[in-house]
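User: Hi! I'd like to learn how to read a binding site. Could you walk me through it?

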Amino acid sequence: MAQPLTEAEQLALLDRLADGQWHSGEALAAGFGIGRAALAKRIDRLQDWQLAVESRQGLGYRLSASLERLDVAALAAAVPGLRVTVLPVTDSTNSRLLEADAERDPQALLAEFQTAGRGRRGRGWASPFGASLYCSVAWSFPAWPPHLTALPLAVGVACARAIHAQGLPELRLKWPNDLLVDGRKLGGILLEHRGEGGGGCRVVIGIGINLRMSNEHAQEITQPWINLDAALAARGRASVSRNALAQALLRELDALLRAYATQGFEPLAAAWQRLDLLQDQAVRVQAGERVIEGVARGIDAQGALMVDAAGQRHHLHAGEVSLRLA
Ligand code: BTN
């Protein structure tokens, strides 16, 4: 009976096809020292990762789009204080790190493909292979940091800085922590935490940033969304390297979390306010049965959104409310 294909063999084939060009079946098969039938089987297996491979008589095989795989050595070198792992496939990088050994913190986990990517408020997160960035960082604070409730907002600042550095200074934040450009969602943050005994606290910060996702893979997304490549192209700017973005993101997060342990949100409040997409905008907020229609007035020291409505100021906490521009 044929041996099952190993992940390393599957990745080796993928790397040969990663340029998105045609590769003859004969050359591919010879390169792996296998026959044409075995090659066809390996190509079929790439569909396990929902990768579309075209085949054409006389031309061979090609991926429907080129692919830049994450380079774990380069990522680890960029952030020596973080233990970095890259998996080709996992259910959800957040779920994996929530279950991972906290002794290994601080640690980062990135995946090329998530089979059960999770978004906020119980939603899913579209995570096709190599098309976007799926990254989680687990961090153990020995003592409860100041303003933990504002940490998701601080992470938004770190993400914005990493994206600005890729040539998109137009990126803004929509409270609590959506990454938006041109009124469309470019990325999101899912922060999960568990209080620990002894006064400490462990957080898992998950970040998804759309880079070059196809419309086909985005069918389940119910809100306006955008790829980083498209936002750059619309401005006549060059596309970015996934690895460069991932490195910038990890560096920003590492610096942020180190400082947050002692300083909390305060040093970042002004930066967040400059990125605030909702400032002075009319908003409609739903908190359970309650609907508030008012004007957004920035955030308080805890990271709660302040909304003025009918002569009253409301302080709204993330997780309790859903919000849209009125
Ligand atoms: C949102 O709904 O805006 C948050 C999206 C967070 C998605 C990221 S992708 C990496 C990490 N793993 C997950 O399952 N979710 C987060």
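User: Which pocket does the space taken by the ligand correspond to?

Analyst: Happy to help! Keep in mind that this is a predicted model. Rolling a probe the size of a water molecule over the atoms shows where empty space is left. Here, the ligand takes up the space of the largest pocket. That pocket has a volume of about 930 Å³.

User: What lines the largest pocket?

Analyst: Its lining is made of 45 residues, and Arg123, Trp125, Asp178, Lys185 and Gln223 lie nearest the centre. By class, the lining divides into 19 nonpolar, 16 polar and 10 charged residues. Strand β8 gives the most to this lining, with 5 residues.

User: Which residues come nearest to the ligand itself?

Analyst: There are 20 residues around the ligand, and Ser92, Gln114, Arg118, Arg120 and Lys185 come nearest. The shell holds 6 nonpolar, 10 polar and 4 charged residues. Again β8 gives the most, here with 4 residues.

User: Where do polar atoms of Gln114, Arg118 and Arg120 lie relative to the ligand?

Analyst: For this, look at distances between N or O atoms, with a cut-off of 3.5 Å. Gln114 uses its side chain: a polar atom there is 3.0 Å from a ligand nitrogen. With Arg118, a polar backbone atom lies 2.7 Å from a nitrogen atom of the ligand. For Arg120, a backbone N or O atom is 2.7 Å from a ligand oxygen.

User: How much of the ligand does the protein bury?

Analyst: Compare the ligand taken alone with the ligand in place. Alone it exposes 420 Å², and the protein buries 99% of that.

Note on methods: Residues are numbered from 1 along each chain as its sequence is written. This is a predicted model: local features need pLDDT of at least 70, side-chain atom pairs count only at pLDDT 80 or more; totals for chains, interfaces and linings use all residues. Side-chain values use heavy atoms; hydrogens and water are left out. A residue is near a molecule or strand if one of its heavy atoms lies within 4 Å of it. A polar contact is a pair of N or O atoms within 3.5 Å; within protein, one must be able to donate a hydrogen and the other to accept it, and residues adjacent in sequence count only if both atoms are side-chain atoms. Accessible areas come from the Shrake-Rupley method with a 1.4 Å probe; for residues, only the protein chains shown count as cover. On a 1 Å grid over the protein atoms alone, a cavity is a set of points where a 1.4 Å probe fits but cannot get out, and a pocket is an open set with protein on both sides within 12 Å along at least five of seven lines; lining residues have an atom within 4 Å of a point. A molecule sits in a cavity or pocket if more than half of its atoms lie within 2 Å of its grid points. Helices (H or I, at least four residues) and strands (E, at least two) are DSSP runs, numbered from the N terminus. Ala, Val, Leu, Ile, Met, Phe, Trp, Tyr, Cys and Pro count as nonpolar, Asp, Glu, Lys and Arg as charged, and the others, Gly among them, as polar. Grid points are joined across faces, edges and corners, and a volume is the space filled by probe spheres set on the points.
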